[in-house]
Structures are given as structure tokens and as C-alpha cells.
Amino acid sequence: MKLGKKFADLKVRPKLIVLHNIFFLVLTCAVYFALIPLFERTGTDPDVVHGARLVLFLVLGIVYVLAVILLEAVIMPRYVYQPLQLMLQADEATRQGDREHEYISDSGIPGDEIGQIMRSRNETVRQLRRHEDELEAALVRLEKAKQSLLEQDRLASLGLMSASVAHELNTPIAVLQGSIEKLMETIPNAQAQERLSRMLRVARRLHRISETLLDFASARTDDMGSVSIRPLVDEAWALLAIDEKASEVSFRNDVDSRHAVIGNADRLIQVFVNLLRNSLYAVHSAGHLTVWSREVEEDSATWIEMSFEDDGPGIPADLLPNIFEAFVSSRLDSRGTGLGLTVAEGIVTRHGGRIRAENREGGGAMLVVLLPSASTATTP
């Protein structure tokens with residue numbers, strides 16, 4: 001856009017032109033009528049006076065036209081119209097939220113009073129933007145604090161509930177464990193002994209799970225150490241093998257046997273059981289479950305990333321953001337208590353790791369667990 005057109009857009013210009021013309025016209029008339037009596041008092045020939053009047057009129061007219069042209073073509077555009085146009089453009093950018101163009105360039109600011117106004121405007125806008133940025137940062141911190149409080153409240157409520165459940169479970173689990181041990185002492189049959197031994201392992205596992213529920217209401221710390229994760233995945237799947245559906249699906253453990261993490265074996269098995277059970281419930285008969293691992297570098301540390309994949313229907317998009325919240329009944333672990341993934345997330349977090357859920361590109365769900373590698377991590 002040419003400067004001429006920009007200046008023409010200024011609504012104030014026609015008014016200024018009218019005022020300038022009136023001023024110069026009045027000034028010219030004043031000079032003309034002030035000089036005419038001088039010619040008349042000279043007593044010269046009337047024709048000479050008439051000619052002098054005509055010459056004076058023409059000279060003053062030319063001066064008037066030149067003055068108006070100089071003022072409107074050079075002086076006003078450079079020192080008035082252009083600064084005003086720059087301020088209008090910057091104000092429009094400010095209204096549109098265009099931070100890149102809302103400041104007047106220093107090269108376009110004159111050194112007069114209008115320039116002082118332009119510099120003052122730039123500083124005012126800068127202060128406004130700083131206040132806006134500070135307010136936005138404060139709102140972000142407030143939102144994070146709010147989410148943190150909500151999370152703490154959720155975990156506190158879950159802790160109270162899980163502690164109550166754990167106390168209720170401990171007594172029947174102890175009776176069950178004692179009864180199985182008594183049967184093992186009285187039944188010599190080898191096949192029965194094998195089944196009872198498996199039942200005893202499951203009963204002990206239930207006892208350890210009830211202890212884990214107490215962790216939500218206490219600050220008890222688990223023993224941590226270097227743990228190879230491939231055997232833990234095998235053991236977790238073996239615990240799920242009692243489910244009839246487990247025999248109908250294909251399970252593959254592709255976890256690298258060299259990968260080890262810093263953690264508690266019992267707690268990690270509980271995580272893997274929950275994740276595998278979710279996948280087992282999600283797939284149809286003849287479905288496929290796969291667990292694999294890889295080593296990744298992140299935040300100047302080495303991590304072991306484990307992926308639990310299935311070829312089921314996947315996770316609905318509206319449930320994906322809340323998949324780890326307690327009692328979301330329509331999510332993956334809806335056939336259980338609604339706490340499986342919540343408990344798994346809590347255990348992984350206590351191990352200094354992270355867990356996320358997503359859908360695979362080829363279909364199905366994928367739950368990814370990131371744990372500190374035993375090769376570089378320091379035992380808590």
C-alpha cells in the first residue's frame with residue numbers, strides 16, 4: 001500500500017487541509033489589503049496602481065498555492081500524517097493481538113513531541129504485555145496447583161477406601177492361606193500338591209496385594225533393587241493362566257532378557273498382572289498379546305520402556321485422557337474393580353517412572369511403562 005493512500009485514509013486530513021487553506025487565504029488577503037493603501041498613497045497614475053494591484057494579487061496567489069502544496073505534500077505527510085498512520089497501524093495490530101507488529105519501529109519515530117507520544121505508547125504496550133504474560137503464567141501455575149490438589153484429594157480418598165478394603169481382606173486371606181498349608185500337610189498326592197502349591201502362591205500374592213492397598217494410606221517404602229523384568233512378565237502371565245480366556249489367546253513375551261530396572265519385584269508383578277489382565281479382557285478369542293521392551297535415553301538418564309500391546313478394539317477417544325482415574329467403569333479394567341490401572345499408575349510413580357495409554361496405529365491398545373534402568377539408576 002502506498003503512503004499516499006495510507007495518508008488519504010486518515011479522516012483527520014480533510015479537516016487539516018480546510019484549516020490550512022483558510023489560514024493561508026486569510027493571511028494572503030490580510031497582506032493584500034495591507035499593501036494596497038501604500039500604492040494608493042503614492043499618488044501615482046491610477047493605471048499603474050491597478051497594474052500593481054494585479055501583480056500583487058498574482059504574486060500572493062502563487063505564494064499561497066506554493067505554501068499549501070509544500071505544507072500538504074512534504075511537511076504534513078512527513079511530520080504529522082506518517083506518524084499518525086504508524087500509530088494507527090500499531091493500535092490495530094494491538095487490537096488484533098498481533099504482537100509482531102504492535103510496536104512502532106524506532107526508525108519511524110521522530111524526535112519531536114509526536115515522537116515522545118509514540119515512544120510512550122510503545123512502553124505502555126510493553127508493560128501491558130508483561131502484565132498479561134505474568135497473569136497467564138500465574139493462571140497456569142494456579143491450574144497446576146488445582147490439578148495437584150484434586151489429585152491429592154483423589155489419592156487420599158482412594159487411600160482411605162483401599163485401607164478399609166485391605167483390612168477386610170487380610171483376615172479371610174490369612175484363613176485361606178492357613179487352610180491351604182494344612183491341606184498340603186495332609187494330602188500326599190503329587191498332583192494335588194502341585195495345585196495346592198499354586199493356590200498357596202496365589203493366596204500369598206493376595207496378601208501382598210492387600211499390603212499394597214495400604215500403601216495408598218501410609219508412607220511405607222518398599223525394598224528396591226535391580227530386577228530383571230522378563231521373568232516378572234512370565235510370572236504375571238502364569239498368574240493369569242487360571243483364567244479360561246488365557247488359553248484362547250496368543251501371548252508373546254519379547255522383553256529383552258538383558259533389561260533390568262530398579263524396583264520391587266512383587267509390586268512390579270502386580271503392575272504387569274493388571275496391564276496383562278486389561279489386555280486379556282480387551283481382546284477377542286484367538287487375540288494376540290505382546291510385551292516388548294527397549295532402552296531409551298531421556299532427561300540425561302537411561303530408562304527401560306515396556307509396551308503391553310493387544311489387537312483388541314482399542315481405547316475410546318473420550319476415555320483415553322481419564323484412563324488411569326479410579327472407577328471409570330467403561331474403561332479397560334471395567335470387568336474388575338475399576339482400580340487396576342489406578343493402582344498400577346501409583347506403583348509405577350512410586351518407582352520413579354511413568355505410564356501412559358494410547359491406541360496403536362494398526363488397531364488395538366498399547367500401555368507403555370517407563371522405569372529407571374538398573375544400569376544407570378540409583379537405588380532409592
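**A core built around W237, and the sheet beside it**

Leaving aside residues up to four places away in sequence, W237 touches A246, V249, F251, L276, L280 and L289, where a contact means heavy atoms within 4.5 Å. The model is a predicted one, in which local features need pLDDT of at least 70 and side-chain atom pairs count only at pLDDT 80 or more, while totals for chains, interfaces and linings use all residues. Residues are numbered from 1 along each chain as its sequence is written, and side-chain values use heavy atoms, with hydrogens and water left out.

Stepping back to the whole chain, there are eight helices and seven strands; these are DSSP runs numbered from the N terminus, with helices being H or I over at least four residues and strands E over at least two. Of the 380 residues, 37% are buried, meaning under 20% relative accessible area with a 1.4 Å probe and protein chains only (over 50% is exposed, and in between is partly exposed). Among contacts with a separation of 6 or more, 67% come from residues 24 or more positions apart.

Now for the inside. In soluble globular proteins, nonpolar side chains tend to be buried together. Here the largest nonpolar core has 40 residues, and W237, F272, L275, M306 and F308 touch the most other members. Such a core is a set of buried Ala, Val, Leu, Ile, Met, Phe, Trp, Tyr and Cys residues joined through side-chain atoms within 4.5 Å. Elements giving two or more residues to this core are α6 (229-240), α7 (265-282), β4 (288-298), β5 (301-310), α8 (340-350), β6 (354-359) and β7 (365-372). The biggest giver is α7, with eight residues. Apart from this core lies another, of six residues, including F24, V68, M76 and Y81.

Two aromatic pairs turn up in the structure. Rings of Phe, Tyr and Trp (its six-membered ring) pair if their centres lie within 6.5 Å, and planes under 30 degrees apart count as stacked, over 60 as edge-to-face and the rest as tilted. The W237 and F251 rings are stacked, because their centres are 4.5 Å apart and their planes at 10°. With W237 in helix α6 and F251 in strand β2 (residues 250-254), this pair ties together parts that are 14 residues apart in sequence. W237 itself counts as buried, at 14% relative accessibility. The F272 and F308 rings are tilted, since their centres are 5.6 Å apart and their planes at 35°. That pair links distant parts of the chain, with F272 in helix α7 and F308 in strand β5, 36 residues apart. Both partners are buried: F272 has a relative accessible area of 0%, and F308 has 1%.

As for the strands, β7 is mostly covered, with eight of its eight residues buried. A365, L367, V369 and L371 point one way, while M366, V368, L370 and P372 point the other. Strands pair if DSSP finds at least two bridges between them. β7 runs antiparallel to β6, joined by six bridges, and also pairs with β5 in the antiparallel sense over seven bridges. On the β6 side, I355 has V369 as its bridge partner, and R354 has L370. On the β5 side, I304 stands opposite L371. β6 and β7 make a hairpin with five residues between them, and G363 in the turn has a positive phi of about 105°.

R354 shows up again with its charged end over the ring of W303, 5.5 Å from the centre. The cut-offs for such a contact are NZ of Lys or CZ of Arg within 6 Å of the ring centre and within 35 degrees of the ring normal. Likewise, R126 lies over the face of Y103, at 4.9 Å from the ring centre.
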